[in-house]
Amino acid sequence: IMAGQLDSLFKDVAKQVVADLGSSLDTTITYTKKTSGSYNTSTGAFTTTDTNYSINAPIEFINSTEDGNIETRQAKIYITPDLIGDNQPDLDDEITLTYAGSTKVAQITSIDTKQGGQTYLFTILVRF
């Protein structure tokens, strides 16, 4: 029973902190959950069904490097499962960031999952 109570506590705290910090930022995040596709043998088309979630989540810009005229940024995004339909993020998913008047599609490079008996927080490292 104790472990279940701790899981619920951690999940509630993570959800509250992510909501509070996310709502104070001037960054819009669209999380696109990519689903496994299907192949239509008669048309030769491969189709996937993507689900978009528009979320408020804290983002921490951690690094910026320049190689010639190309700038690459890294950031950590903190997401609770409820924000993305209780799905498990994976590296094929996409995150689109809108900030300072521009929109950037970010590539997920790493996912850290915090959990006990329940998952309560994903820390997602992105590059854009």
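How many bridges join β8 to strand β9, and in which sense do the two strands run? I started my notebook with that one, and I found eight bridges between β8 and β9 (residues 119–127), with the strands running antiparallel. A reminder to myself before going on: this is a predicted model.

**Entry 1: the overall layout.** I looked up the secondary structure and got one helix and nine strands. Reading along the sequence, I noted the pattern α-β-β-β-β-β-β-β-β-β. The protein has 128 residues, and 28% of them count as buried. I also wrote down the exposed area, which comes to about 7,800 Å², with carbon and sulfur atoms supplying 49% of it. For contacts between residues at least 6 apart in sequence, I found that 55% join residues at least 24 apart.

**Entry 2: around β8.** Back to the strands. On one side of the sequence, β8 (residues 102–115) pairs with β7 in the antiparallel sense, over six bridges. I picked out Leu-97 and saw that it stands opposite Lys-104 in β8. The two strands form a hairpin with two residues between them, and in that turn I noted a positive phi of about 50° for Ala-100. Then I followed β8 onward: another hairpin, this time through three residues, joins it to β9. For a sample pair there, I looked up Gln-107, and its bridge partner in β9 is Arg-127.

**Entry 3: Asp-93.** Where does Asp-93 sit? I found it in the loop between β6 (70–79) and β7 (94–99). Is Asp-93 buried or exposed? Its relative accessible area is 3%, under the 20% cut-off, so I logged Asp-93 as buried. Next I checked which residues it touches, leaving aside neighbours within four places in sequence: Tyr-31, Thr-32, Lys-33, Lys-34, Gln-88 and Ile-108. With Tyr-31 there is also a polar contact between the side chains, at 2.6 Å.

**Entry 4: Val-17.** My last stop was helix α1 (residues 2–23), where Val-17 is found. Its relative accessible area is 41%, which lies between the 20% and 50% cut-offs, so Val-17 goes down as partly exposed. I then looked up how far Val-17 is from Tyr-78: they are 61 residues apart in sequence, and their C-alpha atoms are 9.6 Å apart in space.

Conventions. Residues numbered from 1 in each chain as written. Predicted model: local features only at pLDDT ≥ 70, side-chain atom pairs only at ≥ 80, totals over all residues. Heavy atoms only, no water. Helix = DSSP H or I, 4+ residues; strand = E, 2+ residues; numbered from the N terminus. Buried < 20%, exposed > 50% of the residue type's maximum accessible area, 1.4 Å probe, protein only. Polar contact = N/O pair within 3.5 Å; in protein donor to acceptor, adjacent residues only side chain to side chain. Contact = heavy atoms within 4.5 Å. Pairing = 2+ DSSP bridges. Areas by Shrake-Rupley, 256 points an atom, 1.4 Å probe, with all protein chains shown as cover.
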